[in-house]
Amino acid sequence: MKLQVFCLVLLCLIGCETKDNVNSLSSSSVEDRDKLVDQFLIIHDFNSGEEFDTQKLKEIQNDSNRQDYKKVLDDFFTQHLQKEMESFQTINKSEHERHILVITKDRWLFRVSLKQWPDYNNIWTVDMYGGFPQSQ
């Protein structure tokens, strides 16, 4: 009997503590990544990314930076969009494509599609992108 009462009191205390910890989180201190993904999924207005013809693909196929999708993404943002990335996350990928959520330091949210070219030394190019200012 004493053990059962002790267990019930212990469970109550543990449950109350957990609930208090959850409620004490300030919404301003936690970034809602689900909200970011929801915003990412509503981007349907895209601009063309890098458009290369066969000759240009042959020229860049030996560029080692083109074999790393992260470098291609960073170069595209700094050189083409003139923005600095704060963070990025792959949302979906297949054998030769990646769909990436990017947040820039000026609080823009982008949806970027990268394409890998197996016939050209597996280089990556930016296929298309779209973005808008991040909502709070």
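**Core, pocket and loop in a predicted model**

Me: Of the 136 residues of the protein chain, what percentage counts as buried?
Reply: The model is predicted: local features need pLDDT of at least 70, side-chain atom pairs count only at pLDDT 80 or more, and totals for chains, interfaces and linings use all residues. Residues are numbered from 1 along each chain as its sequence is written, and side-chain values use heavy atoms, without hydrogens or water. Buried means under 20% relative accessible area, exposed over 50%, partly exposed in between (1.4 Å probe, protein chains only). For the 136 residues of the protein chain, the buried share is 28%.

Me: What pattern do the helices and strands follow along the sequence?
Reply: Helices (H or I, at least four residues) and strands (E, at least two) are DSSP runs, numbered from the N terminus. The protein chain has four helices and five strands. Along the sequence they read α-α-β-α-α-β-β-β-β.

Me: Among contacts between residues at least 6 apart in sequence, what percentage joins residues at least 24 apart?
Reply: A contact means heavy atoms within 4.5 Å. Take the contacts in the protein chain between residues at least 6 apart in sequence; the share joining residues at least 24 apart is 52%.

Me: Which element supplies the largest share of the largest nonpolar core?
Reply: A nonpolar core is a set of buried Ala, Val, Leu, Ile, Met, Phe, Trp, Tyr and Cys residues joined through side-chain atoms within 4.5 Å. The largest one has 15 residues; Leu73, Phe77, Val102, Phe110, Val112 and Leu114 touch the most other members. At least two residues come from each of α4 (69-80), β3 (97-104), β4 (108-117) and β5 (123-133). The largest share, five residues, belongs to α4.

Me: Which residues does Phe77 touch beyond four places in sequence?
Reply: Phe77 is among the core members that touch the most others. Leaving out residues up to four places away, its partners are Gln82, Lys83, Met85, Val102, Thr104, Phe110 and Val112.

Me: How many residues make up the other core?
Reply: That core lies apart from the largest one. Its members include Leu36, Phe40, Leu101 and Ile103, and the count is six.

Me: Is Gln39 buried or exposed?
Reply: Gln39 sits in helix α2 (residues 33-41). Beyond four places in sequence, Gln39 touches Leu109, Phe132, Gln134 and Ser135. Its relative accessibility is 8%, so Gln39 counts as buried.

Me: How far apart in space are Ile60 and Asn121, C-alpha to C-alpha?
Reply: Ile60 belongs to helix α3 (residues 54-60) and is buried at 11% relative accessibility. Neighbours within four places aside, Ile60 contacts Phe52, Arg66 and Ile123. Asn121 lies in the loop between β4 and β5. Ile60 and Asn121 are 61 residues apart in sequence, yet their C-alpha separation is 9.3 Å.

Me: What is the phi of Asn121?
Reply: Asn121 is partly exposed, with a relative accessible area of 37%. Its phi is positive in a residue other than glycine, near 65 degrees.

Me: What is the phi of Asn122?
Reply: Asn122 is also found in the loop between β4 and β5. It is partly exposed, at 36% relative accessible area. Not a glycine, Asn122 still has a positive phi of about 60 degrees.

Me: How many charged residues are in the lining of the second largest pocket?
Reply: The lining consists of Glu50, Asp63, Asn65, Arg66, Val72, Asp75, Phe76, Gln79 and His80 (on a 1 Å grid over the protein atoms alone, a pocket is an open set of points where a 1.4 Å probe fits, with protein on both sides within 12 Å along at least five of seven lines; lining residues have an atom within 4 Å of a point). Asp, Glu, Lys and Arg count as charged. The lining has two nonpolar residues and three polar ones, while the charged number four.
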